[in-house]
Structure formats: structure tokens, C-alpha cells
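Here are a few exercises to work through with the model open beside you. Try each task before reading its solution.

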Amino acid sequence: MPHLRCEYSAGLEAHLDMEVLGRTLHAAMAETGVFPLGGIRVKMHRCSLAMVGDANPGHGVVNHFLALELSVGAGRDKDVLAEAGRQLFQVAEAVCADQLAAPHFMLSLEIREIDPELSWKANSIHARLAADNATG
């Protein structure tokens, strides 16, 4: 159940292609080998109103952010998750290199482990992926 929520400031689309970013992060999650493909979700959320940093429009610039929140099911070793997080963050840094070179951008990643006693799921994607792989 690795779900990556990508929340970003309004207007960041003028500097980053959000579809490319989402697909790149999805591929990076799959490439870690830690997360099952059928569980990976990458969700892009534009934050239409946010006060970022000094929130001072008088500086003639807009502060932007990209906040990545990765929710994962319980049971993985902390070191394994930390390495997957490092890999994912490196990819995000590479995609956002131009923004990080400017003084008005913030990038973050947080991994949260979900308590299995407080999480309910129902889906059919795992069966479809298994069938696709069997015929593929």
C-alpha cells in the first residue's frame, strides 16, 4: 500500500510538468523493489491557496513547494524504507533541480507507516496484474 501524495503550490505547473513528475516518481517507486506494483499510487494535488515561507508578495516572486507524503503499510524494516525514501527523494531532487537552484522553492518527503489495525482496503487490481503477468 505505498501511496505517494504529491501536494504542490499553485503555479508550480508553469515550472514543472506535473504529469512527467508523477510518472517519474511512480517509476522510481517501482524501481526500488520495495513496493508491489499493484499497490503503488501517485496522486498529484494542486494546492490552490498556500502561504509559503515569508509569504511576502512584495518580493516580486512566488515561493513554491512540493511536499511528498508516502504512506506505506506496516512491516517493512526501517532501513529498507529509509533507503527507498532516499532513492525517491534523489529522483525528486533531479526533476526539481531548476527549482531548487532558485531561492524560492521547498521540497520535502515524509514516509508514514500505517497502523494495520486502523486501515481497511478493498481492490481488484492485484488479481488483474497477476493475470496480465501470466498472459504477458
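**Exercise 1. Helix α1**

Which residues of α1 are buried? Find them, then work out how they are arranged around the helix.

Solution. This is a predicted model, so let's take it step by step.

Step 1: Going along α1, the buried residues turn out to be Met-18, Leu-21, Gly-22, Leu-25, Ala-28 and Met-29.

Step 2: Look down the axis. These buried residues take up an arc of only 125°, which puts them on the same side of α1. The spacing makes sense, because an α-helix has 3.6 residues a turn and residues three or four places apart point the same way.

Step 3: Flip to the other side of α1, and you meet the exposed residues Glu-19, Arg-23 and Glu-31. Take Glu-19: its relative accessible area is 52%, and anything over 50% counts as exposed.

Step 4: Ask what sits over the buried side. The cover for the buried residues of α1 includes β1, β2, β3 and α2.

**Exercise 2. The two ends of α1**

Describe what happens at the start of α1 and just after it, and check the length of the helix.

Solution.

Step 1: At the N-terminal end, Asp-17 acts as a cap for α1, with a side-chain oxygen 3.0 Å from the backbone nitrogen of Glu-19.

Step 2: Just past α1, Gly-33 has a positive phi of about 75°.

Step 3: Now the length. α1 has 14 residues, which at 1.5 Å a residue should span 20 Å, and the C-alpha atoms at its ends are indeed 20 Å apart.

**Exercise 3. Helix α2**

Where do the buried residues of α2 lie when you look down its axis?

Solution.

Step 1: Locate the helix. α2 covers residues 78-95, and its first and last C-alpha atoms are 26 Å apart, close to the 26 Å expected at 1.5 Å a residue.

Step 2: Pick out the buried residues of α2, namely Leu-81, Ala-84, Gly-85, Leu-88 and Ala-92. They fall within an arc of 105° around the axis, so they line one face of α2.

Step 3: Check the face turned away from that buried side: here α2 carries the exposed residues Asp-79, Gln-90 and Ala-94.

Step 4: Find the cover. Among the elements over the buried residues of α2 are β1, α1, β3 and β4.

Step 5: Finish at the start of α2, where a side-chain oxygen of Asp-77 comes within 3.0 Å of the backbone nitrogen of Asp-79.

**Exercise 4. Strand β1**

Which strand pairs with β1, and in which sense?

Solution.

Step 1: The partner is β2 (residues 41-47), and the two strands pair in the parallel sense over seven bridges. Leu-4 stands opposite Val-42 in β2.

Step 2: See how enclosed β1 is. Five of its seven residues are buried, so β1 is largely enclosed by the rest of the structure.

Step 3: Zoom in on His-3, which lies in β1. His-3 has a relative accessible area of 18%, so it counts as buried under the 20% cut-off.

Step 4: Look at what His-3 touches. Its side chain makes a polar contact with the side chain of Lys-43 at 3.4 Å. Beyond its neighbours within four places in sequence, His-3 has contacts that include Gly-39, Glu-69 and Ser-71.

**Exercise 5. The core**

How many residues does the largest nonpolar core have, and which of them have the most contacts inside it?

Solution.

Step 1: The largest nonpolar core has 23 residues, and Leu-4, Leu-25, Phe-35, Leu-66 and Leu-68 have the most contacts inside it.

Step 2: Trace where the core comes from. At least two of its residues come from each of β1, α1, β3, α2 and β4. The largest share, five residues, is supplied by α1.

Step 3: Follow one core member, Phe-35. Leaving aside neighbours within four places in sequence, its contacts include Met-29, Leu-70, Leu-81 and Ala-84.

**Exercise 6. Stepping back**

In what order do the helices and strands follow each other along the chain?

Solution.

Step 1: Count the elements: the protein chain has four helices and four strands. Starting from the N terminus, they run β-α-β-β-α-α-β-α.

Step 2: Gauge the burial. Of the 136 residues in the protein chain, 30% are buried.

Step 3: Consider the contacts between residues at least 6 apart in sequence: 80% of them join residues at least 24 apart.

Notes: Residues are numbered from 1 along each chain as its sequence is written. This is a predicted model: local features need pLDDT of at least 70, side-chain atom pairs count only at pLDDT 80 or more; totals for chains, interfaces and linings use all residues. Side-chain values use heavy atoms; hydrogens and water are left out. The expected span of a helix is 1.5 Å times one less than its number of residues. Buried means under 20% relative accessible area, exposed over 50%, partly exposed in between (1.4 Å probe, protein chains only). The arc is that of the directions from the helix axis to the C-beta atoms. Contact means heavy atoms within 4.5 Å. A polar contact is a pair of N or O atoms within 3.5 Å; within protein, one must be able to donate a hydrogen and the other to accept it, and residues adjacent in sequence count only if both atoms are side-chain atoms. A nonpolar core is a set of buried Ala, Val, Leu, Ile, Met, Phe, Trp, Tyr and Cys residues joined through side-chain atoms within 4.5 Å. Two strands pair if DSSP finds at least two bridges between them.
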